[in-house]
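Please look over the sequence and the structure below before reading on. This report then goes through some features of the fold.

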Amino acid sequence: MNVSNNIKLVKDLHDKKNRYKESLYLAEGSRLVLDLINHHPEDIHGLYATFAWLESNQAKVVNFLHMVVELEERKLNSIASLKSTKEVLAIVKMPQKLESISYSSQNPAFYLDQVQDPGNFGTIIRTADWFGITHIFHSHHCADPFNNKAVQASMSSIARVKLMECSPTELSSKYMFQNIIGTKMNGTSIQTFQVQDSSIICLGNEAHGISPELSHLCQEFVSIPSSSLGSESLNVGITAGILMSRFYM
């Protein structure tokens, strides 16, 4: 194994263009890597770990020894993107890109419009996994879900929840959603809102909400009731969790 070439690949995957060119992404940290090994072993493409981590996880990595690169902690830290990465990182295969789906559910789907914080995107993916939501739709202007911070926030949910990138107009023209629902402060309360089949709920940018382009396409708007002591808004990841809880329980 050419260690230098493998190290170069890790560094290359810090860049979005290279991630999509290679169809690979990075997963960093013991908990995340072990979760992927346990539940998605077929997706592991490479392992970079310290001797101490490999020794303490011998039984778990026995089937991956052909792809292990052992590194000193200092060297591992130098190629990792997260300062907290001290023991292990993995190169993981991206899920196969879906061009189209047939979505049918009494529960609504969710669309992320220009959600630009990778931590928020990852948190929403992880929350969707918790509620059994199989697909998340998102605009071209969202953060990259395979950004290292997004992957870390999603944990191994990034390997389970299918991601569909599309424009707002494609929600109805390509994916046939009959009811596009926006979120805003003065919408109908989710406590009384009745969702229809073939609906999709749209969550917008952290600072500006959903875009004017998408807002014009929405037939209805919903909101989360507030008894705020002074806070003017909710984090988009928290908002997604509340909406998923309301419509998937």
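The sections below describe a helix pair, the nonpolar cores and some single residues.

## Model

The structure is a predicted model.

## The pair α7 and α11

Helix α7 covers residues 118-130 and helix α11 covers residues 236-248. The two pack with their axes 8 Å apart, at an angle of about 15°. Angles under 35 degrees count as roughly parallel, and α7 and α11 are therefore roughly parallel to each other. Their crossing is right-handed.

On the α7 side, the contact is made by Asn120, Ile124, Thr127 and Ala128. On the α11 side, Val236, Gly237, Ala240, Gly241 and Met244 take part. Sorted by class, this contact has five nonpolar and four polar residues, and no charged ones.

## Nonpolar cores

In soluble globular proteins, nonpolar side chains tend to be buried together. In this model, the largest nonpolar core holds 51 residues. The members that touch the most others are Tyr25, Leu47, Trp53, Phe110, Ile136 and Met244. Helix α11 gives the most to this core, with six residues. Separate from it is a second core of 15 residues, with Ala109, Met164, Tyr175 and Cys202 among them.

Met244 appears in two of these descriptions: it belongs to the contact of α11 with α7, and it is listed among the residues of the largest core that touch the most other members.

## Trp53 and Glu87

Trp53, a member of the largest core, has contacts beyond its neighbours within four places in sequence. These are with Ser30, Val33, Leu34, Ile37, Val61, Glu87 and Val88.

Glu87 lies in the loop between α6 (73-79) and β4 (88-93). Its relative accessibility is 38%, so Glu87 counts as partly exposed. Apart from neighbours within four places in sequence, Glu87 is in contact with Ser30, Tyr48, Ala49, Thr50, Trp53 and Leu76. Ser30 is thus listed for Glu87 and also for Trp53. Tyr48 is 39 residues from Glu87 in sequence, while the C-alpha to C-alpha distance between them is 8.4 Å.

## Thr239

Thr239 is found in helix α11, the helix that packs with α7. Is Thr239 buried or exposed? Buried means under 20% relative accessible area, and Thr239 has 13%, so it is buried. With neighbours within four places in sequence left aside, Thr239 is in contact with Leu203, Ile224 and Leu234.

Terms used
Residues numbered from 1 in each chain as written. Predicted model: local features only at pLDDT ≥ 70, side-chain atom pairs only at ≥ 80, totals over all residues. Heavy atoms only, no water. Axes fitted to C-alpha atoms, helices over the stretch in contact; angles between N-to-C directions. Helix = DSSP H or I, 4+ residues; strand = E, 2+ residues; numbered from the N terminus. Parallel < 35°, antiparallel > 145°, perpendicular 65-115°, else oblique. Left-handed = near helix turned anticlockwise from the far one by under 90°. Contact = heavy atoms within 4.5 Å. Nonpolar A, V, L, I, M, F, W, Y, C, P; charged D, E, K, R; others polar. Buried < 20%, exposed > 50% of the residue type's maximum accessible area, 1.4 Å probe, protein only. Core = buried A, V, L, I, M, F, W, Y, C linked by side-chain atoms within 4.5 Å.
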